[in-house]
Amino acid sequence: MSKTLIRGAKVLGGEPQDVLIDGGTVAEVGTGLSAEGAQVVEAGGKVLLPGLVDLHTHLREPGREDSETVLTGTRAAASGGYTNVFAMANTFPVADTAGVVEQVWRLGKESGYCDVQPIGAVTVGLEGSKLAELGAMHESAAGVTVFSDDGKCVHDAVIMRRALEYVKAFDGVVAQHAQEPRLTEGAQMNEGVVSAELGLGGWPAVAEESVIARDVLLAEHVGSRVHICHLSTAGSVEIVRWAKSRGIDVTAEVTPHHLLLTDELVRSYNPVYKVNPPLRTERDVTALREALADGTIDIVATDHAPHPHEDKDCEWAAAAMGMVGLETALSVVQETMVDTGLLDWAGVADRMSFKPAQIGRATGHGRPVSAGEPANLTLVDTAYRGQVDPAGFASRSRNTPYEGRELPGRVTHTWLRGKATLVDGKLT
Amino acid sequence: MQRHLISAADLTRDDAVLILDTAEEMARVADRPIKKLPTLRGRTVVNLFFEDSTRTRISFEAAEKRLSADVINFTAKGSSVSKGESLKDTAQTLEAMGVDAVVIRHSASGAPYRLATSGWIDAAVVNAGDGTHQHPTQALLDAFTMRRRLVGRDAGLGKDLDGRRITLVGDILHSRVARSNVDLLHTLGAEVTLVAPPTLLPVGVETWPCEVSYDLDSTLSKSDAVMLLRVQRERMNAAFFPTEREYSRRYGLDGDRMAKMPGHAIVMHPGPMVRGMEITAEVADSDRCTVVEQVTNGVSIRMAVLYLLLGGNEPAVAHARPTEEK
């Protein structure tokens, strides 16, 4: 088996150390290591993190291969430092059967760039009325552990209750896209001063917060665990904080874009900023950052949502919602959390690797960088600053809000079970 | 003047007064036996209407024809748009045909802004109403009507609406007319009050440069103009207000309410009016109601806007006369 010696890497941002990879495993971590015949990577003070885990990725295959495929999506993931992604169920056909989730899982294995764990739909066709075969998806080769109708909210309280109860049988988790549908009819952006001025339909914060409040109470009532997708408001943070203080088994995620961007950007009417949930206010951004720092929000998840150019190069109302995120996530987190002093690199490892793996029960990922652990690793040049150029993205889609924006940090190397998938910023 | 007219908020006081003054010049053309100027001869203007609006389209078309522009009317219904062609594709087709100005009406807020700023097209863009965002020429014609009635046709030249008190009543939430009017009237120095049930006021309205009231009766005696906005009946189904009857009682303008207004005060409506609900026939047909004047003034305003956007930098009619004599 091949050996790789990473020399002088700041493991989780600590003092420089050497890390020896032997086959698919971390063989040794220490100083002054040497290994006969090993390929040497001079880290030169770059930060070494456990391979990132994204609990919220849209890979679009099957059905929208013009936006992304499992292969292009996992190449994008490797470029961004990820070694494991959870693929959302809103594909065509919907991933609501064992057959579809196995297909996605198999395509992930064949890609070789990143492990793919399919998320199963909670309800048949994401229609919110009939539970999908949750147990069959769990028992399939894909071993589904996370269930979500993401893109849509499981808005029927009875269906949500039953789903929460049912997945307890196999330690599953329901990931809720919290959006009260009636309160968001015709919604185009955050409801507030800017939406009123622009004449765009408002997506009120309470439409998210009311569903989260209901769901944490349901989770408490049935003694299950619930995960809240892409928190976007200060009020949501308060509800999750209250629920955790009460002992409810709730976890929550925030996207990189909700940590950085505000609804003021929508004044450009540029659909690159159109996303669901929408970009909120400065006050919300501040609350989300603080909540991620203090652990109220458990993880960063990208909500990587690729769309072809024509779905965004149009008028706002006609544009698709979503933005790509896998290849810029770590840079945005460095900009908003690390460079602001809110989180250190150990904290980043916790929020972007350890915790998401725990929530999704992704064994083999989100493990410490220490001897005997799987060699899922990513090396980050934290001193780098440069403009984002989507032309270089590995994703099939380019719908990023960061084009031309200067961001810090660059992933230079990624290893999946000891095999380099990214070397000096280039996919293998 | 800017290259495009997308929002009333883009206009400075001087821009707005220039348009109003130019519209007075244009209005004189309507008094002539032959209502035509050669000002835009050889220029092509496209009326790009993705949303039905016969009234606004005819008003723009009349203005364009009175300025001698070549006019192309494009309606989405039955066009390639209904076959899935995007706004971008349509714009690029028009660009390839070398049009000089595009008057666009669209159900999507921001569509004219995208058309003007996305590099799809080089022509001047005039917003003829987009979603619930803006309708700047409507605001201009309203301001023109107010200035004529409240300041005077000739006395108003060069003047704004400083200190005039204007009340807008009705569905503010869904009204591009209200947004445009608040912006423009504020720029022109007027004091604006919005009156509506709380359900028909947008979140954040407190940041707008105007007062807000839920009570129509208390605002009438201090209004120089009361503008009623159209309330769509389907709003009732969405629970914005309980019944048509209750809306009419609380926010409709009838003769008794009009009697509370100062003697000089006018009643306005962008049309089409819902008689019996927003306004009684007695009020709509009174000589204090300017609805018909607003339609007439719309043509003058649109002539002024097109003339100024397409390069006019001298008084329009004075500039045009020598050309006419050739």
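This is a short tour of a predicted model, with suggestions for what to select and what you will find there.

**Start with chain A as a whole**

Show chain A as a cartoon and you should be able to pick out eleven helices and 19 strands. Turn the chain around its principal axes: the C-alpha trace spans about 65 × 45 × 45 Å. The radius of gyration of chain A is 20 Å, which agrees with the value near 22 Å for a compact globule of 428 residues. Of those 428 residues, 62% count as buried. Contacts reach a long way along the sequence, too: among those joining residues at least 6 apart, 73% link residues at least 24 apart.

Now switch on a surface. Chain A exposes about 14,900 Å², and carbon and sulfur atoms supply 49% of that. Colour by charge and you get 38 positive and 57 negative side chains, with the centres of the two sets 2 Å apart.

**Select residues 70-79 of chain A**

This is helix H1, and eight of its ten residues are buried, so the helix is largely enclosed by the rest of the structure. The buried set includes Val70(A), Thr72(A), Gly73(A) and Ser79(A). To see what covers them, add helix H2 (98-111) and strand E17 (406-416) of chain A, which are among the covering elements, as are strands E7 (82-87) and E8 (115-118). Just after H1(A), stop at Gly81(A), where phi is positive at about 95°.

**Two prolines on either side of H1**

Go to Pro62(A), in the loop between strand E6 (52-57) and H1 of chain A. The peptide bond leading into Pro62(A) from Glu61(A) is cis, with omega near 10°. Next, jump to Pro93(A), in the loop between E7 and H2 of chain A. Here the bond from Phe92(A) is cis as well, with omega near 5°. Keep in mind that most peptide bonds are trans.

**Val47(A) and Leu12(A)**

Select Val47(A) in strand E5 (residues 47-50) of chain A. With a relative accessibility of 2%, Val47(A) counts as buried. Show its neighbours and you will find contacts that include Lys10(A), Leu12(A), Trp345(A), Thr378(A) and Val380(A). For a distance check, the C-alpha atoms of Val47(A) and Gly8(A) are 9.2 Å apart, though 39 residues separate them along the chain.

Step across to Leu12(A), one of those contacts of Val47(A). Leu12(A) sits in the loop between strand E1 (3-11) and strand E2 (16-22) of chain A. Its phi is positive, about 55°, although Leu12(A) is not a glycine. Leu12(A) is partly exposed, at 23% relative accessibility.

For another positive phi of about 55° outside glycine, pick Tyr269(A). Look for Tyr269(A) in the loop between helix H8 (256-260) and helix H9 (282-294) of chain A. At 1% relative accessibility, Tyr269(A) is buried.

**Check the cysteines**

How many disulfides are there over all chains? The count is zero. Select Cys114(A), which is buried at 1% relative accessible area. The closest cysteine sulfur belongs to Cys229(A), 18 Å away, so the two are too far apart for a bond. Over in chain B, Cys210(B) is buried as well, at 15% relative accessibility.

**Last stop: Thr199(B)**

Stay in chain B and pick Thr199(B), in the loop between strand E6 (191-195) and strand E7 (211-213). Thr199(B) is partly exposed, at 35% relative accessibility. Leaving out residues up to four places away in sequence, Thr199(B) touches Leu173(B), Ala239(B) and Phe240(B). Finally, draw a line between the C-alpha atoms of Thr199(B) and Asn47(B): they are separated by 34 Å.

Methods. Residues numbered from 1 in each chain as written. Chains lettered and ligands numbered in written order. Predicted model: local features only at pLDDT ≥ 70, side-chain atom pairs only at ≥ 80, totals over all residues. Heavy atoms only, no water. Helix = DSSP H or I, 4+ residues; strand = E, 2+ residues; numbered from the N terminus. Rg over C-alpha atoms; globule rule 2.2 N^0.38 Å. Buried < 20%, exposed > 50% of the residue type's maximum accessible area, 1.4 Å probe, protein only. Contact = heavy atoms within 4.5 Å. Areas by Shrake-Rupley, 256 points an atom, 1.4 Å probe, with all protein chains shown as cover. Lys, Arg positive; Asp, Glu negative; His and termini not counted. Charge placed at Lys NZ, Arg CZ, Asp CG, Glu CD. Disulfide = S-S within 2.5 Å.
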